Amino acid sequence: MLVLLFGCAFDLTAQELKTGNENYVPTVTFTTEQDHRNMMQQLGIKTLRPGPSGDEIAPNRANYDETMANPCPQLPEILTTKNGKKVTTAEMWWNNRRPEIVEDFESEVYGRLPKNIPAVNWKVEITDYEFVGWTPVVAKKIKGQVDNSSYPLIEVNIEMMLVVPMNVKGPVPVLMMFGRPSFPSPAQPSQESMDKINKAFKEVLIKENPELKAVFEKYPAYNPLKRDNPFAMNQRQGEPTPTEQLLAAGWGYLTIDPNSIQADNGAGLTRGIIGLVNKGQPRKPDDWGALRAWAWGAARALDFLETDTLVDAKKVGIEGVSRYGKAALVTLAFESRFAVGLIGSSGKGGLTLYRRVFGEAVESLTGGGYYWMAGNYLKYGATESDFGSKTGCDLPVDSHQLLALCAPRPTFISYGIPEKGDAKWLDQKGSYMATIAAGSVFKLLGVKDLGVSNDYMKEEMPPVNSGLLEGTLAWRQHDGGHTDAPNFQYFIPWANKMLNYEKVPARR
């Protein structure tokens, strides 16, 4: 069936029409382009500026000239209320200024959490006892089923994996990471069990093909299924992975799949948790985008961790790189129960200043990345609309204020270098400027910032591999690529110090 909504055509599949209950409005099926156009029409936007190209020889190439990177260098005031009062105490920050900043981010940038988000029912599906390197661990495959009784046409099942070391006196801190969950080193059946499996498997094969009986009789010692080498993980060469480093340091980790919460595209906005709450209909301009939805999912995962006796829920951190670095920063800013953050290569929509015109631009997010943001964010890429034209300079907030919402909790900012793949597109300097500017709030709340001035226009980035790690706000640019892995050897001891955690071996 072809239906017209807000001037856009979309199809209702047979499955979506088979509701079994006429009270359920069918789910809208938009393409990404149709959804984007729908939001433009809601906002009265006729045209948007195209985003820049990452190709440095393209006609519309991104700007990489520092002399042109700051068209509006004055950032929104971070410690002045909207009525002009200077914020001089922690009480004024919490009661007056911080709520103003949150309101602007929710209205214009990331969107609001709806009031009617359904509950999540968590279930441990599999528990496996494994070895990661030389560390014994318990790994739990966990599913969070979101209550969809109000709109059964959409199902949301959050997938995650919790891995906790068993050679450490608990409960232990846990670092939550956005990514694809998997068992780190699945336990293998014993040789006796493998013999039973192979015997049964041979019988099935012979039943399917009787000619195989003669083959197996000719090679009686052959087994179709082999037991993996139980020591293969211990023999792995090279530097330990971030998760191996965490486990060796007495930390657990949880990997949560953001796509099981909300799809990483515009076509999915009428599905996932956003679509479930909206009963399959398109977003309104101040509805949440994917970044805020992923952050919501992380907060619900923290709900589960608060029930697990192996976990110190007061010492749970959040980590992510690239788009998941954006999500990690949004999570830390809006969910105060997270104790620490590792924000990797987050770029625009994360820590890089929106007002900067260097590499990735506001127009990159009002175009291809629009679904990460609230619909209202599209206004700042408009060239022709009912309200005229706007740019990033018109935003009421900027990313230094998002970082300030994390204060006074420990926050580690990580970047690599363009030469190794952490592209100039990310505007590392723009993130450093935001970190410098946010420091004044950390200091107001009684903790140490980077230890330099808060003059974001004058402070220069420190040399690569010489991070600023003495404060609750930390910065380090490693000499690797688009990853935060090289910084884990610095993040873990820094986080241990900030959280006052010391690994204590378990008694045998």
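In this predicted model, the search for enclosed space turns up 1 cavity of 30 Å³ or more. The largest cavity comes out at about 40 Å³. Its walls are built from Asn-70, Pro-71, Cys-72, Pro-73 and Leu-75, together with Leu-353, Arg-355, Arg-356, Met-433 and Tyr-456. Sorted by class, that lining holds 7 nonpolar residues, 2 charged ones and 1 polar one.

One of the residues lining the largest cavity, Cys-72, also takes part in a disulfide, with Cys-393 as its partner and an S to S distance of 1.9 Å. The tally for the model is 1 disulfide. The link between Cys-72 and Cys-393 is left-handed, with -85° about the S-S bond. Cys-72 sits in the loop between strand S3 (45–48) and helix H3 (90–108), while Cys-393 sits in the loop between strand S11 (382–385) and helix H11 (399–404), so the bond ties together parts that lie 321 residues apart in sequence. As for burial, Cys-72 has 16% relative accessibility and therefore counts as buried, whereas Cys-393, at 29%, counts as partly exposed. Another cysteine, Cys-406, is buried as well, its relative accessible area being 0%.

Turning to open space, the second largest pocket takes in about 230 Å³. Three elements each give at least two residues to its lining: strand S7 (172–178), helix H6 (242–248) and strand S9 (311–321). Of these, S9 provides the largest share, with 3 residues. Around the second largest pocket one finds Met-177, Phe-178, Gly-179, Pro-242, Thr-243 and Thr-255, and further along the chain Glu-319, Gly-320, Val-321, Tyr-324, Asp-484 and Phe-488. Here the split by class is 6 nonpolar, 4 polar and 2 charged.

Then there is the packing of the interior. The largest nonpolar core runs to 126 residues, and the members that touch the most others are Met-176, Trp-251, Ile-273 and Leu-305. Helix H8 (residues 290–305) gives this core its largest share, 11 residues. Trp-251 is worth a closer look. Setting aside neighbours within four places in sequence, Trp-251 is in contact with Pro-165, Pro-173, Val-174, Leu-175 and Leu-246, with Lys-315 and Val-340, and with Ile-492, Ala-495, Asn-496, Leu-499 and Tyr-501. Strand S7 (172–178), already met in the lining of the second largest pocket, spans three of these positions, Pro-173, Val-174 and Leu-175.

Note on methods. Residues are numbered from 1 along each chain as its sequence is written. This is a predicted model: local features need pLDDT of at least 70, side-chain atom pairs count only at pLDDT 80 or more; totals for chains, interfaces and linings use all residues. Side-chain values use heavy atoms; hydrogens and water are left out. A disulfide is a pair of cysteine sulfur atoms within 2.5 Å. Helices (H or I, at least four residues) and strands (E, at least two) are DSSP runs, numbered from the N terminus. Buried means under 20% relative accessible area, exposed over 50%, partly exposed in between (1.4 Å probe, protein chains only). On a 1 Å grid over the protein atoms alone, a cavity is a set of points where a 1.4 Å probe fits but cannot get out, and a pocket is an open set with protein on both sides within 12 Å along at least five of seven lines; lining residues have an atom within 4 Å of a point. Grid points are joined across faces, edges and corners, and a volume is the space filled by probe spheres set on the points. Ala, Val, Leu, Ile, Met, Phe, Trp, Tyr, Cys and Pro count as nonpolar, Asp, Glu, Lys and Arg as charged, and the others, Gly among them, as polar. A nonpolar core is a set of buried Ala, Val, Leu, Ile, Met, Phe, Trp, Tyr and Cys residues joined through side-chain atoms within 4.5 Å. Contact means heavy atoms within 4.5 Å.
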